[in-house]
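Biologist: Could you take me through this fold, starting with the overall dimensions and then going on to the sheet and the helices?

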Amino acid sequence: HHHRAAFEAAARGFVGGKVPLGIKRKGLRIVVTGGAGFVGSHLVDRLIARGDSVIVVDNFFTGRKENVMHHFGNPNFELIRHDVVEPLLLEVDQIYHLACPASPVHYKFNPIKLLLTNVVGTLNMLGLAKRVGARFLLTSTSEVYGDPLQHPQVETYWGNVNPIGVRSCYDEGKRTAETLTMDYHRGAQVEVRIARIFNTYGPRMCIDDGRVVSNFVAQALRKEPMTVYGDGKQTRSFQYVSDLVEGLMRLMEGEHIGPFNLGNPGEFTMLELAKVVQETIDPNAKIEFRPNTEDDPHKRKPDISRAKELLGWEPKIPLRQGLPLMVSDFHKRIFGDHSDAKP
Ligand code: NAD
Ligand code: UDP
Ligand code: UDP
């Protein structure tokens, strides 16, 4: 059953995922699961711009056609409505596996489905990679470190995760997805890559997905108070989406399996983040304290030495530079205008 992909690959002059770096090649055929979502759609833009053919596989749970609509009509772009929990047959060279809602509001909505997406969905995409000899990249998460006892988090840290809490479907689901990925690598020689993504923000984020950057920005634009959970002293490190996409592509094209932390080490408390949002949108924006959610990690900051050294990657866009780019997108989507008028 390897024959068709091998034949197609040979016809195009290379074998899936095994193109030596530096050799000029024809466009690849690439699947992006979750490609209609926030991160996926930015990745698709870059791949299409590079001249590759992209197949987006998405069930539109949190993704939107609007995020990829600008590629409709491009012969190098295909969109398939499909749930990765069901098997899927395609002939491709690379698989970027992103399908999975990333916001707690969405994943707590149906934790069993979330777990199935992470486990069975990842299994199916690995089975696909194995069958056609494609290279497979998993977008895992900093959540695999749980409420970390090591700071900043290095890839060799095994994490501190509650297996029975409300976040477990996500944390443990991604940990299992990493395990499956490594077992397919060891057992079936699938070429794999693992990224551990830290909090990422930017245009096209779901507006009401409950994540802190999207919440604060939407609240400040709507003249509602910004909701700080707990005492606001917990920290996160916020990465602009274009930096992440660059890291994912370098990881896929490079020679190293990972896992690699991909995040911006710039660390902020939620109160500091609220202050940056005030500076960017509205100095009079109010803050309102709310009780924190269960199992909320106290701090999180990536150690990115490994990605720096082996991928030659580091983020370029600090929060104060990236936030305005997201704000103008949110402004358009919330108020439906296309002017640059300040809120
Ligand atoms: P998102 O919710 O915007 O995108 C996820 C996409 O997957 C959506 O388009 C959704 O419709 C699709 N999807 C969900 N379940 C599916 C299923 N069963 N079958 C097919 N498609 C499905 O989230 P995002 O922020 O773009 O995250 C992308 C990936 O990056 C996820 O795997 C997420 O876990 C990971 N990640 C993101 C962040 C972040 O800060 N954004 C941090 C860590 C990890
Ligand atoms: N799979 C898929 N597309 C493919 C090949 C496999 O969706 O092109 C699914 C398949 O249905 C199975 C999973 O991936 O549920 C794992 O496949 P694998 O061949 O590794 O395992 P097996 O089918 O032998 O149990
Ligand atoms: N948070 C907050 N106000 C909000 C939403 C989230 O203070 O309106 C806090 C949340 O408690 C957590 C941090 O912001 O400490 C990051 O939450 P998010 O859901 O964005 O990401 P994650 O917890 O997955 O890192």
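Biologist: What radius of gyration does the protein chain have, and what would a compact globule have?

Modeller: In this predicted model, the protein chain of 343 residues has a radius of gyration of 20 Å, which agrees with the value near 20 Å for a compact globule; the radius is taken over C-alpha atoms, and the globule rule is 2.2 Å times the number of residues to the power 0.38. Along its principal axes, the C-alpha trace spans about 65 × 45 × 40 Å.

Biologist: Any conventions to keep in mind?

Modeller: Residues are numbered from 1 along each chain as its sequence is written, while chains are lettered from A and ligands numbered from 1 in the order in which they are written. Local features need pLDDT of at least 70 and side-chain atom pairs count only at pLDDT 80 or more, whereas totals for chains, interfaces and linings use all residues.

Biologist: How many helices and strands are there?

Modeller: The protein chain has 10 helices and 13 strands, taken as DSSP runs numbered from the N terminus (helices are H or I of at least four residues, strands E of at least two).

Biologist: And in what order do the strands of the open sheet come?

Modeller: The order of the 7 strands is E3-E2-E1-E4-E5-E6-E11, with parallel pairing, where two strands pair if DSSP finds at least two bridges between them. Strand E3 (77-81) and strand E11 (260-262) are the edges, each pairing on one side only, and the twist from one strand to the next averages 20 degrees.

Biologist: Which strands does helix H4 touch?

Modeller: Helix H4 (residues 111-132) packs on the sheet against strands E1 (29-33), E4 (94-97) and E5 (135-141), and its direction makes about 170 degrees with that of E4; contact requires C-beta atoms, placed from the backbone, within 7 Å. Axes are lines fitted to C-alpha atoms, for helices over the stretch in contact, and angles run from 0 to 180 degrees between N-to-C directions. Helix H5 (residues 168-188) also packs on the sheet, touching E5 and E6.

Biologist: How do H4 and H5 cross?

Modeller: Their axes come within 9 Å and cross at roughly 15 degrees, which means that H4 is roughly parallel to H5 (angles under 35 degrees count as roughly parallel, over 145 as roughly antiparallel, 65 to 115 as roughly perpendicular and the rest as oblique). Residues making the contact include Leu114 and Leu115 of H4 and Ala177 and Leu180 of H5.

Note on methods:
Contact = placed C-beta atoms within 7 Å.
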